[in-house]
Amino acid sequence: MLQRLKQVRKALGYTQTEFAKYLGITQTSYSMIENGIRPLSDTYVRIICITFNVSEQYLVRGQGEMFVSSPHKKELLDLFSQLLPDTQDYLLVMAKELLHMQQKMLDYRNPQADDNDGNDS
């Protein structure tokens, strides 16, 4: 399970420090969990699964896909397929702009984010 925990964290693009913040613990505590020194409690499993849309079956047992698909994904794909090609193009442009704006907001909220903190082991 610890290897899958590390895979999830890396798939999400988080350092140990960033991931630990979501769990409300220090990077040192998180590192001890990821390295098998401390156990990953059921509470942390639930937090990870809910916060990051991770499949509990995958995290705990290694079964199935890493992420649970969004309940909105099917609806969005259905709606998209009903749009005319020009409208689809417009929606893609708007979605890319939303993604860009979201990244700017995240960068603004966390200007000291340091992806090279050396804690990604």
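This is a short guided tour of the model, with a selection to make at each stop.

**Before you start.** You are looking at a predicted model, where local features need pLDDT of at least 70, side-chain atom pairs count only at pLDDT 80 or more, and totals for chains, interfaces and linings use all residues. Residues are numbered from 1 along each chain as its sequence is written, and side-chain values use heavy atoms, with hydrogens and water left out.

**Stop 1: the whole chain.** Show the protein chain as a cartoon and you will find 7 helices and 0 strands; helices (H or I, at least four residues) and strands (E, at least two) are DSSP runs, numbered from the N terminus. Of its 121 residues, 24% count as buried, meaning under 20% relative accessible area, with exposed over 50% and partly exposed in between (1.4 Å probe, protein chains only). Switch on the surface: about 8,800 Å² is exposed, and carbon and sulfur atoms supply 56% of it. That area comes from the Shrake-Rupley method with a 1.4 Å probe; for residues, only the protein chains shown count as cover.

**Stop 2: helix α2.** Select residues 16-23, which form α2, and colour Gln16, Glu18, Phe19, Ala20 and Leu23, the buried ones. Now add 2-12, 27-34 and 42-52: these are α1, α3 and α4, against which the buried residues of α2 pack. Just past the end of α2, click on Gly24, whose phi is positive at about 75°.

**Stop 3: α2 against α3.** Two packed helices are described by the angle between their axes and the distance between the axes. For α2 and α3 the angle is about 100° and the axes lie 8 Å apart. Axes here are lines fitted to C-alpha atoms, for helices over the stretch in contact, and angles run from 0 to 180 degrees between N-to-C directions. The two helices are therefore roughly perpendicular, the class for 65 to 115 degrees (under 35 is roughly parallel, over 145 roughly antiparallel, the rest oblique). To see the contact (heavy atoms within 4.5 Å), select Gln16, Thr17, Phe19, Ala20 and Leu23 of α2 with Gln27, Tyr30, Ser31 and Glu34 of α3.

**Stop 4: a salt bridge.** Keep Glu34 on screen and add Arg9: their side chains meet in a salt bridge, 2.9 Å from N to O. The term needs a side-chain nitrogen of Lys or Arg within 4 Å of a carboxyl oxygen of Asp or Glu, and the count by this rule is 1. Arg9 sits in α1 and Glu34 in α3, so the pair ties together parts 25 residues apart in sequence. Both Arg9 and Glu34 are buried.
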